[in-house]
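Reader: I am new to this structure. Could you take me through it in short steps?
Author: Gladly. Here it is.

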Amino acid sequence: MSEILRITGLKSQVNEKEILKGIDLVVNKGEVHVIMGPNGAGKSTLANVIMGSSKYEVTEGSIVFENEDITDEAVNIRAKKGIFLSFQSPQEIPGINIENFLRTAKAQVTGQPVKAIQFKKELVEKMKELDIDRSYAQRYLNMGYSGGEKKKNEILQMKILNPKLAILDETDSGLDVDAVKIVSKGVIDFKSEENAILIITHHNNILDYLNPDVVHIMVDGKIVETGDISLAREIEKNGYIKYREAKGETEWKKEIKLI
Ligand code: ADP
Ligand code: MG
């Protein structure tokens, strides 16, 4: 199985606050990885650092993508190499419709002009696969979308850009059952032996539909445990209490009057 992503000893800070405190992660082609963790653990930060957001400073460690060190590469270079990140709170952008947005994105990522007629055909095909109404392509980006529609748009982006590594960062607000199904189906359809998918979530209901190969638990800027789906099931039952205890946090116990 060939390796697609190798993160070693990654530390990152924003506004001089250390958020990632030494991340090691290896993802192989053909794998679906899930990263779970409580709010504020640094999951979205990790996604943004893999994508190369300039907001976050990498202070230590490296990110190797397809055997190439990309730690210092810019976002657009990483996108061209085949890394994709969906946004946690996609912006509402008036004046740009989905079709134009996706066509521009594809031209940027491939570095080739994308012909309008050909693209339209591809778009209609992919929309059909996702059961998206045709009129949707003409709507403005994320204006007045429901949670499920935003998710469909993300999955559509992923399918159009066809990345080698897709990182999906779940919204923190509750995803409804439909949205969970959309994401799961999109991921299952997209998955191949040539790509890999990293899903970041703190909901585990997505795991009812998806069968990830590897599950990581992230707490306080570190991956504290890696395992298979049974790890996620354990979290479902017991939450993150065990990891908090290991850290010596007692405040939460006081809060719920255990001590
Ligand atoms: P998660 O996605 O696991 O909920 P985040 O990566 O969003 O966690 O955030 C991790 C920590 O980093 C939080 O304490 C958050 O407040 C902080 N953080 C994230 N982005 C910024 C930023 N741009 N400026 C300051 N602090 C940030
Ligand atoms: Mg987040």
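Reader: How far does a polar side-chain atom of K17 lie from an oxygen atom of ligand 1?
Author: This is a predicted model, and every distance here is computed from it. A polar contact is a pair of N or O atoms within 3.5 Å. The K17 side chain meets that cut-off, with a polar atom and a ligand 1 oxygen separated by 3.1 Å.

Reader: Which residue has a polar side-chain atom 2.8 Å from an oxygen atom of ligand 1?
Author: Two side chains from α1 (43-51) come up here. S44 places a polar side-chain atom 2.9 Å from a ligand 1 oxygen. The residue at 2.8 Å is K43.

Reader: How much of the accessible area that ligand 1 has on its own does the protein cover?
Author: Take the ligand alone as the starting point. Its accessible area is then 560 Å². The share covered by the protein is 68%.

Reader: How many residues surround ligand 1?
Author: The closest ones are G40, G42, K43, S44 and T45. By class, the shell splits into five nonpolar, six polar and three charged residues. The full count is 14.

Reader: Which element gives the largest share of the shell around ligand 1?
Author: Two elements give two or more residues each: β2 (17-28) and α1 (43-51). The largest share is three residues. That share comes from α1.

Reader: Why is α1 largely enclosed by the rest of the structure?
Author: Look at its residues one by one. K43, T45, L46, A47, V49, I50 and M51 are buried. The helix counts as largely enclosed because the buried residues number seven of the nine.

Reader: Which residue follows α1, with a positive phi?
Author: The helix ends at residue 51. The phi of the next residue is near 95°. That residue is G52.

Reader: What volume does the largest pocket have?
Author: Start with its walls. They are made by 23 residues, with M51, A79, A105, V109 and L161 nearest the centre. By class, the lining holds 12 nonpolar, nine polar and two charged residues. The volume is about 560 Å³.

Reader: Which element supplies the largest share of the lining of the largest pocket?
Author: Several elements each supply at least two residues: α1, α2 (75-81), β6 (83-85), α3 (98-110) and α5 (147-161). The largest share is six residues. It comes from α3.

Reader: Is E16 buried or exposed?
Author: E16 sits in the loop between β1 (3-14) and β2. Its phi is positive, about 65°, although it is not a glycine. Its relative accessible area is 76%, and the cut-off is over 50%, so E16 is exposed.

Reader: How far apart are the C-alpha atoms of E16 and Y56?
Author: Along the chain, E16 and Y56 are 40 residues apart. In space, their C-alpha atoms are separated by 9.5 Å.

Reader: Where is N67, and is it buried or exposed?
Author: N67 is in the loop between β4 (57-65) and β5 (68-69). It is not a glycine, yet its phi is positive, about 65°. Its relative accessibility is 69%, so N67 counts as exposed.

Reader: What separates the C-alpha atoms of S54 and D72?
Author: S54 belongs to the loop between α1 and β4. At 76% relative accessibility, S54 is exposed. S54 and D72 are 18 residues apart along the chain, and their C-alpha atoms are separated by 9.9 Å.

Reader: Is V124 buried or exposed?
Author: V124 is part of helix α4 (residues 116-129). Y136 is 12 residues away in sequence, with 10.0 Å between the C-alpha atoms. The relative accessible area of V124 is 19%, and the cut-off is under 20%, so V124 is buried.

Reader: How far apart in space are T8 and L25, C-alpha to C-alpha?
Author: T8 lies in strand β1. At 37% relative accessibility, T8 is partly exposed. T8 and L25 are 17 residues apart in sequence, and their C-alpha distance is 6.7 Å.

Conventions
Residues are numbered from 1 along each chain as its sequence is written. Chains are lettered from A and ligands numbered from 1 in the order in which they are written. This is a predicted model: local features need pLDDT of at least 70, side-chain atom pairs count only at pLDDT 80 or more; totals for chains, interfaces and linings use all residues. Side-chain values use heavy atoms; hydrogens and water are left out. A residue is near a molecule or strand if one of its heavy atoms lies within 4 Å of it. A polar contact is a pair of N or O atoms within 3.5 Å; within protein, one must be able to donate a hydrogen and the other to accept it, and residues adjacent in sequence count only if both atoms are side-chain atoms. Accessible areas come from the Shrake-Rupley method with a 1.4 Å probe; for residues, only the protein chains shown count as cover. Helices (H or I, at least four residues) and strands (E, at least two) are DSSP runs, numbered from the N terminus. Ala, Val, Leu, Ile, Met, Phe, Trp, Tyr, Cys and Pro count as nonpolar, Asp, Glu, Lys and Arg as charged, and the others, Gly among them, as polar. On a 1 Å grid over the protein atoms alone, a cavity is a set of points where a 1.4 Å probe fits but cannot get out, and a pocket is an open set with protein on both sides within 12 Å along at least five of seven lines; lining residues have an atom within 4 Å of a point. Grid points are joined across faces, edges and corners, and a volume is the space filled by probe spheres set on the points. Buried means under 20% relative accessible area, exposed over 50%, partly exposed in between (1.4 Å probe, protein chains only).
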